[in-house]
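Visitor: I would like a close look at a single part of this structure, taken slowly and with its surroundings included. Please walk me through one helix and then add whatever else can be said with care.

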Amino acid sequence: MTTQAINTAAPSTRGMSPRQRTWRRFFSSPAGYISLGTLAVFALIGIFGPMIVPYPSGLGTDILQPPTAAHPFGTDGLGLDVLAQVVWGTRMSLLVALFAGLLAVAIGAFLGIVAAYFKKADAVITTITDVMLSLPLLPLMIVVTAMVGPSIVTLTLVIGFFSWPEICRLIRSNALVVSGMPFIDGARAIGASPLRIMLKEILPMVSPLLIVNALLTGARAVIAEAGLSFLGLGDPDTWSWGRILQSAQRDGVLVSAWWQTLFPSLMILLLVLSATIVGMRFNDSRAVKVKGALK
Amino acid sequence: MSDTQNVAEAVPPVSEREVILDVRDLAVDFTTEMGRVSGVQGVSFTLHRGETLAIVGESGSGKTTTINAVLGLLPGNGDVTSGEIFFRGTDIAGYSEKALRGIRGKHIGLVPQDPMSNLNPVMRVGDQLAEVLLAHGKATRKDVRGKVNELLARAGLPDAATRARQYPHEFSGGMRQRALIAIGLACQPELLIADEPTSALDVTVQRTILDHLGSLTRDLGTAMILVTHDLGLAAERAETVIVMNKGRIVEQGPSAQILRDPQHEYTRRLVESAPSLASDRMKPINPGALTGQITEMPVILHVRDLVKEYTVRSHTDGKRKTFTAVTGVNFDLHRGTTLAIVGESGSGKSTTARIALRLEEPTSGLVEFNGTNIAHLRGRGLKTLRKQVQPIFQDPYASLNPMASVGEILEEPLKIYRLGNRAARRERAMDLLEMVALDASIYDRFATELSGGQRQRIAIARALALEPDLIICDEPVSALDVLVQAQILELLMKLQTELGLSYLFISHDLAVVRLIADQIVVMKAGEIVERGAVVDVFTSPQHEYTRMLLDSIPHIASRGTAG
């Protein structure tokens, strides 16, 4: 092709790994870099924000102020700066999302691949997954959190532990397709052990799905965390987006002090939205796709 | 079965009959991620009433694009950029979708390639046929049943009335293709386009389907475009052959002339490599094969009374029952030679290969590799076996991990057995690439970027990495284009001579087997029906089934039977 690079995707993909090609396609439209950029901004706020903004504690003098120059996001019923709460909350919400997502993906991927590769384990794992999926999650999370005692670690573990079944089911169905492919027979015939086949042949094939699902689960974890915190099951000593909402509700100002609900809700919306878009776009950009389940 | 050899005997001569289709200077472009890509360019041909024209080419040659342009069925990213398509004197290249709908099915019929996926699985076969008739006003609600039965019977389906009420899954592949032919010819079109109508079918079925298609179109006076990758088949079935390569017509003319005196370099190569046409073996006949000395060489794979049964659930009553895939299979593969197992789908040849690879365990029987019974081998013994027996699979697109680079694929076996350090492994990978005649620069590339032939070379290189004694080739060339097929077979032969390898070669294609095997085992329905040295089996087949298989290799009067 002798034409100049009018088309950004035109240069040869020679020598690029499937992963590189996936990312190239991912960044070929604004939806890709805007959504990933938003996630990056969230991460920066979570990491560096608390170093700049002081921890909101004690009592302030300006109670329930609407946004002003001094308090861009206004203040709450105790006179604390909502901006500071949102910044500190970002760190906590992201941590919960990250670890809950990792936990869910690790359990889900492990069980999913094992179920797909070992026919005997399949029945057991599938049954457990189905049972888990049929449980009403929110009430269960509430009960468990209430019994163990609310803390940020409990919250993370509970969300992570109740989110793996969907990932497990998806990974199983995809790994099932992969393990039926001739190159798996090829690996067996070379003498690769089951563990090696699962780790080196099947896992890389389903790993793009894991990235997608880690993001989606993380997004759901943010919502679950906000929900549980709003219900008073969060850690009372740390700020999270859910706790800002909960303190507004506790003070009975949910309706009047709009700034106290708007900003944390916006953060939740933005994070969930961009994580979902990144996940979906990544899925659409995958260079190597497994035929069959989930395109 | 009617006589298909004398296709051209009808009067008056083809060239004086009415022109049905006249394609002039057709060009099709596709818009892709990589920019605009030319699909076909400067394609011109003429088709007369009752004439059969074959378009031959490898994958990517533009043959399917050409017929899709004629049918107005180009995919969304493709469009006709120049040229005219005159169908019965009218240019239909610019026709709207609605206008084309009136032509497709009624005046131009299509027999698609894959009978498995081209019938609606939830609709009775008769209803699918009735739909075509009703849509084009060729039948009324009242008389449609009768017409459907008549059409199915004409397409060669016995007991048509019962068949019409059945669903596609109750049909075999050949029967489905007959149903699709009935649909294609339902409205008695002037033109029938058959896109690789038999490539998904077994060879023996292939032949009867093609015979039937030939006699039907002759009786109805339908012109036919036969799209195929098999030059031998094209020459046998069509009066005129068009050879396409890289989107252009490289040669066209009467089929006999193309075969006997190809003008273009590319056609010459095609004629020389087509297994069904080649009269010479690639591999010199093993001097021992004729005199029986081959059996004096040491036995590397010794199989006795092999039985493999599967428990399956019946489709009709859901009860468990035993399905016997392989029974009573005996053979000896001698060191340094090639034993071919030939059979159609369901013959048990692939199951035998999988057992020899110890990917499956036999229900009973003895499988000895170098004197050790490997039938139920496990643990350390199995790992030792794996090092000595390596596979090459059919589909190079599915047998290499698409996420891995060529280097990783080649070094994987070495890593598993912890052979050498990083540098030594890389060096070995480079040696392997050289052995299979690939450039060293391919080391860093990914399998997804390579062509089918290159991938199969990588698969061969990986099989060689551990210096095995026995290689089990399961249809190693059937997914490849003819020219590539010849190159891969040559490579396999060269490696056998150089490295003293033994091959267990599984294939459905007797023409391919004739080129390279020393001994042949013919399987049918899980049992061996014939065995012997390749020369004997080809010159004097004993079993009826073997004769049928041999007959289904396209024969060209001038040279085919010489082999």
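Guide: What follows looks at one helix of chain B, then at an acidic residue in a loop, and lastly at cysteines. Please keep in mind throughout that this is a predicted model.

The helix is α6 of chain B, which covers residues 173-184, and its 12 residues reach 16 Å from the first C-alpha to the last, close to the 16 Å expected at 1.5 Å a residue. As for its surroundings, α6(B) is mostly covered, with 12 of its 12 residues buried; among them are B:M175, B:R176, B:Q177, B:R178 and B:L180, as well as the glycines B:G173, B:G174 and B:G184. These buried residues pack against the strands β6 (108-111) and β7 (191-195) of chain B, and also against the helices α3 (125-135), α4 (144-154), α5 (160-164) and α7 (203-220) of that chain.

Elsewhere in chain B, the loop between β17 (470-474) and α17 (482-499) holds B:D481. This aspartate is buried yet has no salt bridge, and the nearest side chain of opposite charge, that of B:K63, is 6.1 Å away. The side chain of B:D481 does, however, make a polar contact with the side chain of B:S59, at 2.8 Å, and, leaving aside residues up to four places away in sequence, B:D481 touches B:E58 and B:S59.

Turning to the cysteines, B:C187 is buried, with a relative accessible area of 2%, and B:C473 likewise counts as buried, at 0% relative accessibility. With sulfur atoms within 2.5 Å as the cut-off, the count of disulfides over all chains comes to 0.

Definitions and conventions
Residues are numbered from 1 along each chain as its sequence is written. Chains are lettered from A and ligands numbered from 1 in the order in which they are written. This is a predicted model: local features need pLDDT of at least 70, side-chain atom pairs count only at pLDDT 80 or more; totals for chains, interfaces and linings use all residues. Side-chain values use heavy atoms; hydrogens and water are left out. Helices (H or I, at least four residues) and strands (E, at least two) are DSSP runs, numbered from the N terminus. The expected span of a helix is 1.5 Å times one less than its number of residues. Buried means under 20% relative accessible area, exposed over 50%, partly exposed in between (1.4 Å probe, protein chains only). Contact means heavy atoms within 4.5 Å. Lys and Arg count as positive and Asp and Glu as negative; His and the chain ends are not counted. A salt bridge is a side-chain nitrogen of Lys or Arg within 4 Å of a carboxyl oxygen of Asp or Glu. A polar contact is a pair of N or O atoms within 3.5 Å; within protein, one must be able to donate a hydrogen and the other to accept it, and residues adjacent in sequence count only if both atoms are side-chain atoms.
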